[in-house]
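Visitor: Could you take me through one part of this model at close range? I would like to see how its residues are placed, one after another.

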Amino acid sequence: MDRNLDKKKLYENIGMRIRTIRKLQKITMKEVGQRVGVSESMIHRYETGDVRSFSIDMLKNIATVLNVNPAMLLGWSNDTRPIELYCTIRCSEPEKKMIQKYRQLTLEGKETVDTILDLQYKSVCKSKKSSPKDEVG
């Protein structure tokens, strides 16, 4: 088989995995592009396999955005779970809405939310440690 056809098929398979995971997570091509530093149209080209090559750094960056192991995108993972299981988490409807809103924020907005969340979490952890119920025992 022609080496170029092998590469083309490999890139198409990687792109299919990227697209499937991105859609399962309800992330737009534009958001992935913004987070890895390329245009939405470039993400489209990656997803369709219409590229000459995939850099290792780009593959790692996309995997990070999608919260998966790069080996999974390459099809090298021995994990036999369906692809959908890489992306599912049980959330209540309010939690889903919160995540959707969070994904629309700028990087600065996300950092602000993260800071507030960390402060609230630490406060809850401290109060649990000092509660009388935890000390008895």
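Guide: Gladly! Let's start where helix H4 ends: the residue that follows H4 is Asn-67, and its phi is positive, near 60°. Keep in mind that this is a predicted model.

Now step back into the helix itself. H4 covers residues 56-66, and its buried residues are Met-58, Leu-59, Ile-62, Ala-63, Val-65 and Leu-66. Looking down the axis of H4, you find these buried residues within an arc of 160°, so they line one face of the helix. The spacing fits a general rule: an α-helix has 3.6 residues a turn, so residues three or four places apart point the same way. Turn to the face of H4 that points away from the buried side, and you meet the exposed residues Ile-56, Asp-57 and Thr-64.

For some context beyond H4, have a look at two other helices. Helix H7 spans residues 107-129 and includes Glu-111. Glu-111 is partly exposed, with a relative accessible area of 45%. Together with Glu-108, Asp-114 and Asp-118, Glu-111 forms a negative surface patch.

Helix H2, made of residues 29-36, holds Gln-34. Gln-34 is exposed, and its relative accessible area is 57%. Along the chain, Gln-34 and Thr-106 are 72 residues apart, while their C-alpha atoms are separated by 9.9 Å.

So, back at H4, the picture to keep is a helix with its buried residues lining one face, exposed residues on the face turned away from them, and Asn-67 with its positive phi following the helix.

Terms used:
Residues are numbered from 1 along each chain as its sequence is written. This is a predicted model: local features need pLDDT of at least 70, side-chain atom pairs count only at pLDDT 80 or more; totals for chains, interfaces and linings use all residues. Side-chain values use heavy atoms; hydrogens and water are left out. Buried means under 20% relative accessible area, exposed over 50%, partly exposed in between (1.4 Å probe, protein chains only). Helices (H or I, at least four residues) and strands (E, at least two) are DSSP runs, numbered from the N terminus. The arc is that of the directions from the helix axis to the C-beta atoms. Patches are made of residues with over 30% relative accessible area and no salt bridge: like charges are joined within 9 Å, nonpolar side chains (Val, Leu, Ile, Met, Phe, Trp, Tyr) within 5 Å. Accessible areas come from the Shrake-Rupley method with a 1.4 Å probe; for residues, only the protein chains shown count as cover. A salt bridge is a side-chain nitrogen of Lys or Arg within 4 Å of a carboxyl oxygen of Asp or Glu. Lys and Arg count as positive and Asp and Glu as negative; His and the chain ends are not counted. The place of a charge is taken as NZ of Lys, CZ of Arg, CG of Asp or CD of Glu.
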